[in-house]
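Visitor: I am new to this structure and would like a close look at a single part of it, one strand and the sheet around it. Please place that part within the whole chain as you go.

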Amino acid sequence: MADYHDDFLMIGGGLTAATAVRQLLLAGQQDGIGVLAEEKAAPYDRQPLSKEFLLGELDRDKVFLLTEAFCQEHGVGLHLGNPAVSLDTTAHLVTAADGSRFTYGKLLIASGCHLRRLTIPGSELPGLFYLRTLEESEALRAATTEARQAVVIGGGFIGLEVASVLAQLGLSVSIIHHSDRLFEKFASDEISTFFEELFAGHGVHMIYNDEAVQL
């Protein structure tokens, strides 16, 4: 016997799941919508976490795509902090980490991904921050009030956005990048040079062809 049944069940609490919920509601679906998510926060937009929210220009309540009050009002079942751990597509059955069982008519798997975390010596020390969740962005923002220097590991889009914010907040920033230039996959010297000069002009120190081996 299942604990819950939904005509439409979403695994994951990100942008895709939130958009699907809103589209179903717009299409006239009433009740029978459920969201099963690992995070404890209601679905929110991750994009500002490395930009406006981290910089302090966007309030916390502005990042949410669905609020608990909205879901309650529209009959959407929010099951937060309880990731899916098994799926039986024949029985249309999902089991969550706490043992709850969800049957469904249709299922959307939008569980996203997890960060690759450092396993080098010192990776358990305080002062190391990751950035994917709202909670992690809040922790990093709080740390900037006392920090004077920051090292960003990775020169991709997120790393550069974080470095930009930290520099704007007055920190001395260095970026460790594994390649010999930025955005090497674009195969464009002009793009790489533009961003290298832009960040250098704001005092960001670039370290190329290197990686972190110890903290």
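Guide: Of the chain's 215 residues, 37% count as buried. The model is a predicted one, and every value below is computed from it. The exposed surface of the chain comes to about 12,700 Å², with carbon and sulfur atoms supplying 52% of that area. Along its principal axes, the C-alpha trace spans about 60 × 40 × 35 Å. The secondary structure consists of six helices and nine strands. Among contacts with a separation of 6 or more, 60% are between residues 24 or more positions apart. As for charge, the chain carries 15 positive and 29 negative side chains, and the centres of these two sets lie 2 Å apart.

The part to look at closely is strand β7, which covers residues 149-153. This strand belongs to an open sheet of three strands, in the order β7-β8-β9, with parallel pairing. Both β7 and β9 (205-207) stand at the edges with a single partner strand each, so one side of each has no neighbour in the sheet. From one strand to the next, the twist averages 20°.

The partner of β7 is β8, and five bridges join the two, which run parallel. One of the pairs can be picked out by residue: Q149 has S172 in β8 as its bridge partner. Strand β8 takes in residues 172-176, and three bridges join β8 to β9, again in parallel. There, I175 stands opposite M206 in β9.

Back in β7, the side chains alternate along the strand. A150 and V152 point to one face and are buried, while Q149, V151 and I153 point to the other face and are not buried.

V152 is worth following further. The residue lies in strand β7, and its relative accessibility is 9%. Buried means under 20% relative accessible area, so V152 counts as buried at 9%. What does V152 touch, leaving out residues up to four places away in sequence? The list is G159, V162, A163, L166, V173, S174, I175 and I176. Of these, I175 is the residue that stands opposite M206 in β9. In the other direction along the sequence, V152 and Y130 are 22 residues apart, and their C-alpha atoms are 10.0 Å apart in space.

For comparison, there is another sheet in the chain. This is an open sheet of six strands with mixed pairing, in the order β3-β2-β1-β6-β5-β4. Its edge strands are β3 (76-79) and β4, each of which pairs on one side only. The twist here averages 40° from one strand to the next.

Within this six-stranded sheet, β1 (residues 4-11) and β2 (residues 33-36) run parallel and are joined by four bridges. L9 has G34 in β2 as its bridge partner. Strands β4 (residues 84-88) and β5 (residues 93-96) are also joined by four bridges, but they run antiparallel. In that pair, S86 stands opposite T95 in β5. These two strands form a hairpin with four residues between them, and H92 in the turn has a positive phi of about 55°.

Helix α1 (residues 15-26) lies across β1, β2, β3 and β6 (101-109), and runs at about 130° to β1.

At the β3 edge, H79 gives a second residue to set beside V152. H79 is found in strand β3. With a relative accessible area of 15%, H79 is buried. Leaving aside neighbours within four places in sequence, H79 is in contact with Y4, V35, L36, A37 and F102.

Last, a residue outside the strands. L125 sits in the loop between β6 and α4 (134-143). Its relative accessible area is 42%, which makes L125 partly exposed. L125 and L115 are 10 residues apart in sequence, and their C-alpha atoms are 18 Å apart in space.

To return to the part in question: β7 is an edge strand with a single partner, tied to β8 by five parallel bridges. Its A150 and V152 are buried on one face, and its other side chains, those of Q149, V151 and I153, point to the other.

Conventions
Residues numbered from 1 in each chain as written. Predicted model: local features only at pLDDT ≥ 70, side-chain atom pairs only at ≥ 80, totals over all residues. Heavy atoms only, no water. Buried < 20%, exposed > 50% of the residue type's maximum accessible area, 1.4 Å probe, protein only. Contact = heavy atoms within 4.5 Å. Areas by Shrake-Rupley, 256 points an atom, 1.4 Å probe, with all protein chains shown as cover. Lys, Arg positive; Asp, Glu negative; His and termini not counted. Charge placed at Lys NZ, Arg CZ, Asp CG, Glu CD. Pairing = 2+ DSSP bridges. Axes fitted to C-alpha atoms, helices over the stretch in contact; angles between N-to-C directions.
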